[in-house]
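Biologist: Could you take me on a close look at one part of this model, the open sheet in chain A, and then show me what lies around it? I would enjoy a connected walk through it.

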2 protein chains.
Amino acid sequence: MVSMKDISSACGVSVATVSKALNDHEDIGAETKRRIRETAKQMGYFPNSAAKALKTNRTQNLGVLFEEDDHSGLTHDYFACVLDSLKSAAEEKGYDITFINSCRTRPNRMSFLEHCRYRGFDGVIIVCVNFLDPEVLELVNSDIPTVTIDHLFNNTCAIMSDNVKGMRDLLHYIYDMGHRRIAYIHGTESSVAQRRLASFYKTAAELGLDIPDAYILPAAYRDTKAAYAATEKLLDLRKRPTCILYPDDFACYGGINAISERGLRVPDDISVAGFDGIRIARHIEPKLTTLKQDTNLLGRKAAEKVISLIEQPKTTLIEQIVVEGEVYIGNSVRKI
Amino acid sequence: MVSMKDISSACGVSVATVSKALNDHEDIGAETKRRIRETAKQMGYFPNSAAKALKTNRTQNLGVLFEEDDHSGLTHDYFACVLDSLKSAAEEKGYDITFINSCRTRPNRMSFLEHCRYRGFDGVIIVCVNFLDPEVLELVNSDIPTVTIDHLFNNTCAIMSDNVKGMRDLLHYIYDMGHRRIAYIHGTESSVAQRRLASFYKTAAELGLDIPDAYILPAAYRDTKAAYAATEKLLDLRKRPTCILYPDDFACYGGINAISERGLRVPDDISVAGFDGIRIARHIEPKLTTLKQDTNLLGRKAAEKVISLIEQPKTTLIEQIVVEGEVYIGNSVRKI
DNA sequence: ATGCACTTCTTAATCGTTTTCGTGTTTTCA
DNA sequence: TGAAAACACGAAAACGATTAAGAAGTGCAT
């Protein structure tokens, strides 16, 4: 590997001068600067990130926390899309992306925070994780610039998909399609689930809808079996709903299966709506009517925010950024 | 951050002793070793990866190339699953995962190889990329330990999903279900596509199947529109096939749409089969009969192989490792 | 007592950068 | 003309670790 020393001897200057020339410092002559840069390019020089990091305490590397026990993170369309846009946005600004992990299986285990310090991440984005994990808290409370996605801590920046408005818009659309008996099989165990449920109730009240308790059932996210079971309960009701909302698109298919196994059709006999807007749902009949979350913007905002926290710590607000989604109109909700 | 120097003064020994104690060298007394490790733990010491990398030329970090112009990589279930298992396997061995990119948008652009040198990746795994890109070639031909997935270069290790046997098994299954008029809408522009197509022809010949040219049509991977169009062509044939194979599960849904729009049902009127075994295909009716590729093993093998190349370069074979998939029997292929 | 081999620890150089401070040269201007 | 200011560059320390080589201290045989 060609180092600054090589360039310095090739140019007959000191390493200090080379460093300053390449970093465009003021106190190097224009001609010398040109000459040094020229030969650096010719010799195929690239800096050594480790040496640079050691000296500057900056790695130009972001840690991404993306870990769940059931490995549903990376392989979840929603999070994968967020990560993809996160990655692109970070790369545009010259940052790389490395996964944070806690080396749980290794002998000398590191916590998330320790791992971050070990690698010297300039900033951290928490995408998908059990937010109650004490290690996550430890990380969030550290001095490392941190951005969370879809979860709000009191001292960090958060990029939030607008679940409240999303649910509101979706429910309004369904209402406008003429539905009045609307059931909601809601997700569990997360602030996102709570927000959506609250928004569902509030919007229903605004619209003057009467939602019997039997219309509200829990089912874990992406759990098609649970959604299937919950759907059966709804179909067993004397006054069955005309439209069912699901925790997410994936779970929605569990519901659709329950419906068709009873010989009912979607949307002719009963309407369904999902949440997320995973891509495949646009390619399968019935095309899911769903709330498409803006994963692209979510990832991009997260990257930009954390980089801003790193590079302009003084002037960057600790704020909550809300990203709106939009109702994607498929054909799983029919007009009645 | 607590460094070795802090520990050395706390213990009243030299930094060298601390280093050797922590790295379990022979020439440190048992008691001293214990004491040093004890205080290291107490003081919350963790090494500085940059310093370590600078000195040892080892980063314990793997580069993963996962980039396509259309961003179909991360958001593709197959590759996402491979990456997920890759990540787990690497983490188990103490390696981290960082995405390789070429900073294409930045002023001082780096090639893939340059980026790898800059970050000092110990090894590289090429998962999903345009394999014809000269930059990929440059990377592959470098001295950095490299493993490719689903593509064979002549001088690197490759982890290959067994597309030949996969296609063979799938076709055999379909044959056993009684089908004789079998069409294949095949993927394009990759060695994988070629291998599958060749295996299809060979297996068909072995089975004594007559495959008219009109039964073989191209459609890009994951292109539901193309699959839709190709399916229409097949349905227009006088002697229409009883079963259609698709490039992948995603594309398969394009075909299913074409079929149902003609008022035909899957699998009652016509059978279909996919390839990949994406998870959602097991949750949607009709459950796709497909060849499930073993993404878990693919990712794990790739990580293990590259780490072996790094740690035992002498004794590690440059070989091609083939990972078998298995026919997943859904209900999209019916018995006739 | 001397020499020798161990064992255990230290000294010091090194990896490739960055950065502070200093120095020599040139320019500026009273 | 001479002092101050501006300019262009270099020397050296530092970041936090590793490691070769050397130096004490101990024990044992001679």
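Modeller: Gladly; here is the sheet, followed by the helix that packs on it and the contacts to which that helix leads. Please keep in mind that this is a predicted model.

The open sheet of chain A has 6 strands, in the order β7-β6-β8-β9-β10-β12, and its pairing is mixed. At the edges stand β7 (216-218) and β12 (326-328) of chain A; each has a single partner strand, so one side of each is left without a neighbour in the sheet. From one strand to the next, the twist averages 20 degrees.

Further in, β8 (residues 243-245) and β9 (residues 271-276) of chain A run parallel and are joined by 3 bridges. Here Ile244(A) stands opposite Val272(A) in β9(A). Packed on the sheet is α11(A), which touches β6 (182-186), β8, β9 and β10 (289-292) of chain A. The direction of α11(A) makes about 160 degrees with that of β9(A).

Now follow that helix outward. The contact between the chains takes 44 residues from chain A and 44 residues from chain B. On the chain A side, α11 (249-261) is among the elements that give two or more residues, together with α4, α5 (77-92), β2 (96-100) and α6 (112-119). The largest share there, 8 residues, comes from α5(A). By class, this side of chain A has 20 nonpolar, 13 polar and 11 charged residues.

Technical notes
Residues numbered from 1 in each chain as written. Chains lettered and ligands numbered in written order. Predicted model: local features only at pLDDT ≥ 70, side-chain atom pairs only at ≥ 80, totals over all residues. Contact = placed C-beta atoms within 7 Å. Helix = DSSP H or I, 4+ residues; strand = E, 2+ residues; numbered from the N terminus. Nonpolar A, V, L, I, M, F, W, Y, C, P; charged D, E, K, R; others polar. Pairing = 2+ DSSP bridges. Axes fitted to C-alpha atoms, helices over the stretch in contact; angles between N-to-C directions.
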